[in-house]
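Me: I should like to study a protein chain by means of questions and answers. Please show me the structure before we begin.

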Amino acid sequence: MRRAPATPENDLDADADPPARTGADADHIAELERALTRIAHMLTRARRHDRTAAEAGVDVDRANVPLLRLLAEAGEPLRLGEIAARLDVEAPHITRQVQRLERSGFVTRVPDPCDRRAQRVRLTTAGADAVDAMRAVGRRVIRDCLDDWNSDDLAALARLNHRMVDDFLRHADDPPPGTR
């Protein structure tokens, strides 16, 4: 829950914890956690990936899709360490993924213009085409599943999902409760 900005009237409790959630809020939070768990399970199933990849005509491992999408969204080549940090995984894992993607022709390494000793990873045309094809299939599936939703509901869903992800990212590195 967001607190009002500090003013002379409410500044006395500026360091106080936010107000406790109501019972109804707790029920909503529980339902939201349940829905998010169902979504995560549905989106990460191997069968779903295999069907999407086949429809897109792309031969790419499920584990490599987030890396390809990250490079596509970054719009510029990234260092291995930056990729690992953004995907929140260990660097050796990214090194192995990049090697597989290089062999598949989806990425290539390029010199880092700021440090001749370092390299960056960028999508090849085949990699960009693979991401575009996977996105097109994903968007078609979403469109088909939400076909009876009106435009206002779709806009609200997109806006609230972005807001939720932004808030989750903002709190991702917070220490666990009780250790502050």
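The following exchange concerns this predicted model.

Me: How many helices and strands does the secondary structure of the protein chain come to?

Reply: Read from the N terminus, the elements follow the order α-α-α-β-α-α-β-β-α-α. Each α in that series stands for a helix and each β for a strand. The secondary structure therefore comes to 7 helices and 3 strands.

Me: What is the order of the strands in the open sheet?

Reply: S1 is joined to S3 by 2 bridges, and the two run antiparallel. S2 also pairs with S3 in the antiparallel sense, over 6 bridges. The order of the open sheet is S1-S3-S2.

Me: Which strands stand at the edges of the sheet?

Reply: Strands of a sheet pair through backbone hydrogen bonds. In this sheet of 3 strands, the order is S1-S3-S2. Two of the strands have a single partner strand each, so one side of each is left without a neighbour in the sheet; these edge strands are S1 (78–79) and S2.

Me: Which residue of S3 is the bridge partner of Arg109?

Reply: S2 and S3 form a hairpin, with 2 residues between them. The two strands pair in the antiparallel sense. Within S3, the bridge partner of Arg109 is Val121.

Me: What span does helix H5 reach from its first C-alpha to its last?

Reply: Helix H5 covers residues 91–104, which amounts to 14 residues. At 1.5 Å a residue, a span of 20 Å is expected, and the model comes close to it. From first C-alpha to last, H5 reaches 20 Å.

Me: Where on helix H5 do its buried residues lie?

Reply: In H5, the buried residues are Ile94, Gln97, Val98 and Leu101. Seen down the axis of H5, these residues fall within an arc of 100°, so they line one face of the helix.

Me: Which elements are included in what covers the buried residues of H5?

Reply: The cover of these buried residues includes both helices and strands. The helices are H3 (65–74) and H4 (80–87), and the strands are S2 (107–112) and S3 (115–123). The cover of H5 thus includes H3, H4, S2 and S3.

Me: Why are the buried residues of H4 on the same side of that helix?

Reply: The buried residues of H4 are Leu80, Ile83 and Ala84. They are on the same side of H4 because they cover an arc around the axis of only 100°.

Me: Which residue just after H4 takes a positive phi?

Reply: H5 is followed by Gly105, whose phi is positive, near 85°. A positive phi is also found just after H4, with a value of about 60°. The residue that takes this value is Asp88.

Me: Which helix gives the most residues to the largest nonpolar core?

Reply: The largest nonpolar core has 24 residues, of which Val60, Leu68, Leu71, Ile83 and Val107 touch the most other members. Helix H2 (46–56), H3, H4, H5, S3 and helix H6 (125–145) each supply at least two residues of this core. With 5 residues, the helix that gives the most is H3.

Me: With which residues is Val60 in contact, leaving aside its neighbours within four places in sequence?

Reply: Val60 is among the core residues that touch the most other members. Neighbours within four places in sequence are left aside here. The remaining contacts of Val60 are His49, Val65, Leu68, Leu101, Phe106 and Met134.

Me: What percentage of the residues in the protein chain is buried?

Reply: A residue is counted as buried if its relative accessible area is under 20%. The protein chain has 180 residues, and the buried share of them is 21%.

Conventions:
Residues are numbered from 1 along each chain as its sequence is written. This is a predicted model: local features need pLDDT of at least 70, side-chain atom pairs count only at pLDDT 80 or more; totals for chains, interfaces and linings use all residues. Side-chain values use heavy atoms; hydrogens and water are left out. Helices (H or I, at least four residues) and strands (E, at least two) are DSSP runs, numbered from the N terminus. The expected span of a helix is 1.5 Å times one less than its number of residues. Buried means under 20% relative accessible area, exposed over 50%, partly exposed in between (1.4 Å probe, protein chains only). The arc is that of the directions from the helix axis to the C-beta atoms. Contact means heavy atoms within 4.5 Å. A nonpolar core is a set of buried Ala, Val, Leu, Ile, Met, Phe, Trp, Tyr and Cys residues joined through side-chain atoms within 4.5 Å. Two strands pair if DSSP finds at least two bridges between them.
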